[in-house]
Amino acid sequence: MTAPQMAAPLAALERSPRDEEIDVYGLTHPGSVRIENQDHFLICALKKQMVVRLTSLPDADHLMAEPERLASLAMVADGVGGGAKGADASRIALEAVAKYVSSSMRCYYAQGLADDRELSETLQEGALQWHLELVRRGEENQEYRGMATTLTLYLGVWPRAYLLQVGDSRAYLLRRNELIQISRDQTMAEELVDLGVLTRADASDSPLAHRLSSSIGGSQTAPVVTRFNLAWGNVLLLCSDGITKHVSDERLREQLRSMTSAKQVCEDLLKDALEGGGSDNITVIVGRALQSES
């Protein structure tokens, strides 16, 4: 998948946002129909920090400055498998990803992500590891056989960003008031569109529109990494299909364009999805960087 060009050259983007300039929020809800919530989400700031463990100095607190943020991480996972299996699949995947990104990948974002190709390959290798971990758990415990999950992962090291996509949870970017879907649904319907068997219009109404062709832990996984650039005022949206089943792209664009805060727009999108039927679990993350005058 070719990464879209979404921002100005890196040199023109100046400093990275401070923590107080980042407006981000996320929420999850079981919806109106399902009892269990099989979705999970995670929002993290990845930082470097000096910790004084032991010293003879009388006051060492001043040595420990506010740790610098190296990267931002946000993830949405929509479990597959019914009951506890789906919820456990999404939870296990996010826990595994968080450990992997905070340890195995630290060298990449600490060095400014100089090698895009190598970082993309590392993300894909990580996705394969998480996939095999879910498969292994299912083989060891019959109760969890068949559990799987989608995974939409955003890793941002200003002004670059990377999206790892497996399944049909989605990532959008609002840039200059235009909504762009960064992710591509990994579904059977989308595969048939690529083959020319279904038209785009027919695919959206097909029962195959939500049947995954790729997942973490399923019969097949095909992680895709897309790189794009960030800019002040861009709005990032990650969501499970509990949102996109009931909220059109036009409505998403309208809500993001008029948002007053990440918390407000997440709550409004949840309300839209519930009013549209709430037939599935609903998860949404919204984030943006707003430059202060000082």
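## Exercises on sulfurs, charges, strands and pockets

The sulfur of C44 lies 16 Å from its closest cysteine counterpart, the sulfur of C266, which is too far for a bond. This is a predicted model, in which local features need pLDDT of at least 70 and side-chain atom pairs pLDDT 80 or more, while totals for chains, interfaces and linings use all residues. Residues are numbered from 1 along each chain as its sequence is written, and side-chain values use heavy atoms, without hydrogens and water.

**Exercise 1.** Find how many disulfides the structure holds, and check C239 as a test case.

*Solution.*
- Step 1: The count of disulfides (pairs of cysteine sulfur atoms within 2.5 Å) is zero.
- Step 2: For C239, the closest cysteine sulfur is again in C266, and at 10 Å it is too far for a bond.
- Step 3: Now look at the surroundings. C239 is buried, with a relative accessible area of 0%, while C44 is partly exposed at 24%. Here buried means under 20% relative accessible area, exposed over 50% and partly exposed in between, with a 1.4 Å probe and protein chains only.

**Exercise 2.** Follow the salt bridge between D280 and R34 and say which parts of the chain it ties together.

*Solution.*
- Step 1: Side chains of opposite charge can pair when their charged atoms come close. A salt bridge counts here if a side-chain nitrogen of Lys or Arg is within 4 Å of a carboxyl oxygen of Asp or Glu.
- Step 2: In D280 and R34, the closest N and O atoms are 3.1 Å apart.
- Step 3: D280 sits in the loop between α8 (262-275) and β11, and R34 in the loop between β1 and β2, so the pair ties together parts that are 246 residues apart in sequence. These elements are DSSP runs numbered from the N terminus: helices (H or I) of at least four residues, strands (E) of at least two.
- Step 4: Are the two partners buried or exposed? D280 is buried at 4% relative accessibility, whereas R34 is partly exposed at 39%.
- Step 5: To place this pair in context, the whole structure has 21 salt bridges.

**Exercise 3.** Examine the salt bridge of E133 with R137 and locate its partners.

*Solution.*
- Step 1: The closest N and O atoms of E133 and R137 are 2.8 Å apart.
- Step 2: Both residues belong to helix α3 (residues 116-140), four residues apart, or about one turn of the helix.
- Step 3: E133 is partly exposed, with 21% relative accessible area. R137 is partly exposed as well, at 34%.

**Exercise 4.** Work out which strands pair with β3, and name one opposite pair of residues for each.

*Solution.*
- Step 1: Strands pair if DSSP finds at least two bridges between them.
- Step 2: β2 and β3 run antiparallel and are joined by ten bridges. D39 stands opposite D78 in β3.
- Step 3: β3 and β5 are also antiparallel, with five bridges. V76 faces T152 in β5.
- Step 4: Strand β4 (residues 148-149) pairs with β3 over two bridges, antiparallel too. There, V80 is opposite A148 in β4.
- Step 5: β3 is mostly covered, since eleven of its 13 residues are buried.

**Exercise 5.** Describe the largest pocket and find which element gives the largest share of its lining.

*Solution.*
- Step 1: A pocket is an open set of points on a 1 Å grid over the protein atoms alone, where a 1.4 Å probe fits, with protein on both sides within 12 Å along at least five of seven lines; lining residues have an atom within 4 Å of a point.
- Step 2: The largest pocket has a volume (the space filled by probe spheres set on the points) of about 760 Å³.
- Step 3: It is lined by 39 residues, and I22, R69, A71, S72 and G156 are the closest to its centre.
- Step 4: β3 gives the largest share of this lining, seven residues.

**Exercise 6.** Connect the second largest pocket with the salt bridge of D185 and R170.

*Solution.*
- Step 1: The second largest pocket holds about 480 Å³ of space. Of its 21 lining residues, R170, D185, E190, R200 and S204 are the closest to the centre.
- Step 2: Helix α5 (200-205) gives the most to this lining, with three residues.
- Step 3: The side chains of D185 and R170 meet in a salt bridge at 2.7 Å, N to O.
- Step 4: D185 lies in the loop between β8 (178-181) and α4, and R170 in strand β7, so the pair ties together parts 15 residues apart in sequence.
- Step 5: D185 is buried at 10% relative accessible area, and R170 is buried at 17%.
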